[in-house]
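Student: I have a model open and would like to work through its packing with you. Could we take it one question at a time?

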Amino acid sequence: GLGAGRLGTTGVLLLWSSSFAVALLFAARGPGGALAPSRRLALPPLATWLSTLSFGLYTTLVCALTALLPIFLVERLGAALPKASIVAALVSAAALPGCLAMMFVMRRGLPGPRRSLTIAAPASLASVVPALMISGGAGAGSLTLSGAAALLTVLFGGVVPPLVLARLPEVSGARSGDDPRLAVAQGLVTQFGAGGALIGPP
């Protein structure tokens, strides 16, 4: 964000693409090997679809918020680009405390369905309220309030992804790591998550 003003759009894109090229070189030198063929296709139960759909809805909100926050802060609130970029970076990083909190919760054992719901439902609802403040409520007229509301949205929402991902093997009904239902469930997480990232900003 701080370098965007000096580098310009072209400079940023060149930096990203060169970083990607270097990463490809390292990836090409990594260990290879053929993947084991899948035995069959097996669809997971309804709980998997609902769980991965909820993850997709989470990514829809968070990707829309974090992707468009700098533009909103600059165009609607008149913030300078470096300041808007720093706020957006802090908002993006706000997901980490929720993930860390869930890591400590799950070190004692994976929460069951009821406990998972008692954790995820309030956190999800708590993330929606500040999100509504950004677009047209109390936070819409101030950089500080809009930034704080966005940060709270991502902070509370950050509790949900680790819970969804950690419970995926159990929710899918997989009996082993190579169970085809687990593979499909992981594919659903990827597709719903990528779908949310795609449709969220528009």
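Student: Is V105 buried, partly exposed or exposed?

Tutor: Good place to begin, and do keep in mind that this is a predicted model. V105 lies in helix α4. Buried means under 20% relative accessible area and exposed means over 50%. V105 has 22% relative accessibility, so the residue counts as partly exposed.

Student: Which residues is V105 in contact with, leaving aside its neighbours within four places in sequence?

Tutor: L41 makes a useful reference point: it is 64 residues from V105 along the chain, and their C-alpha atoms are separated by 33 Å. For contacts, the cut-off is heavy atoms within 4.5 Å. With neighbours within four places in sequence set aside, V105 is in contact with P111, R115 and I119.

Student: Let's turn to the core. Which helix supplies the largest share of the largest nonpolar core?

Tutor: The largest nonpolar core has 30 residues, and L69 and L73 have the most contacts inside it. Helices that each supply at least two of its residues include α2 (46–75), α5 (113–136) and α8 (180–199). The largest share, 7 residues, comes from α2.

Student: What is L69 in contact with, beyond its neighbours within four places in sequence?

Tutor: L69 is one of the two residues with the most contacts inside the largest nonpolar core. Once the neighbours within four places in sequence are left aside, its contacts are V87, A88, V91 and A150.

Student: Are α3 and α6 roughly parallel or roughly antiparallel?

Tutor: Their axes come within 8 Å and cross at roughly 25°, and the crossing is right-handed. On the α3 side the contact includes V87 and V91, and on the α6 side it includes A150 and V154. Angles under 35 degrees count as roughly parallel. The two helices α3 and α6 are therefore roughly parallel.

Student: And how are α2 and α6 oriented, roughly parallel or roughly antiparallel?

Tutor: α2 and α6 pack at an angle of about 160°, with their axes 11 Å apart. The crossing of this pair is left-handed. Since angles over 145 degrees count as roughly antiparallel, α2 and α6 are roughly antiparallel.

Student: How many charged residues does the contact of α2 with α6 have?

Tutor: Among the residues making this contact are L69, F72 and L73 of α2, along with A150 and V154 of α6. By class, the contact has 9 nonpolar residues and 4 polar ones, while the number of charged residues is none.

How values were computed: Residues are numbered from 1 along each chain as its sequence is written. This is a predicted model: local features need pLDDT of at least 70, side-chain atom pairs count only at pLDDT 80 or more; totals for chains, interfaces and linings use all residues. Side-chain values use heavy atoms; hydrogens and water are left out. A nonpolar core is a set of buried Ala, Val, Leu, Ile, Met, Phe, Trp, Tyr and Cys residues joined through side-chain atoms within 4.5 Å. Buried means under 20% relative accessible area, exposed over 50%, partly exposed in between (1.4 Å probe, protein chains only). Helices (H or I, at least four residues) and strands (E, at least two) are DSSP runs, numbered from the N terminus. Axes are lines fitted to C-alpha atoms, for helices over the stretch in contact, and angles run from 0 to 180 degrees between N-to-C directions. Angles under 35 degrees count as roughly parallel, over 145 as roughly antiparallel, 65 to 115 as roughly perpendicular and the rest as oblique. A crossing is left-handed if the near helix is turned anticlockwise from the far one by less than a right angle, and right-handed if clockwise. Ala, Val, Leu, Ile, Met, Phe, Trp, Tyr, Cys and Pro count as nonpolar, Asp, Glu, Lys and Arg as charged, and the others, Gly among them, as polar.
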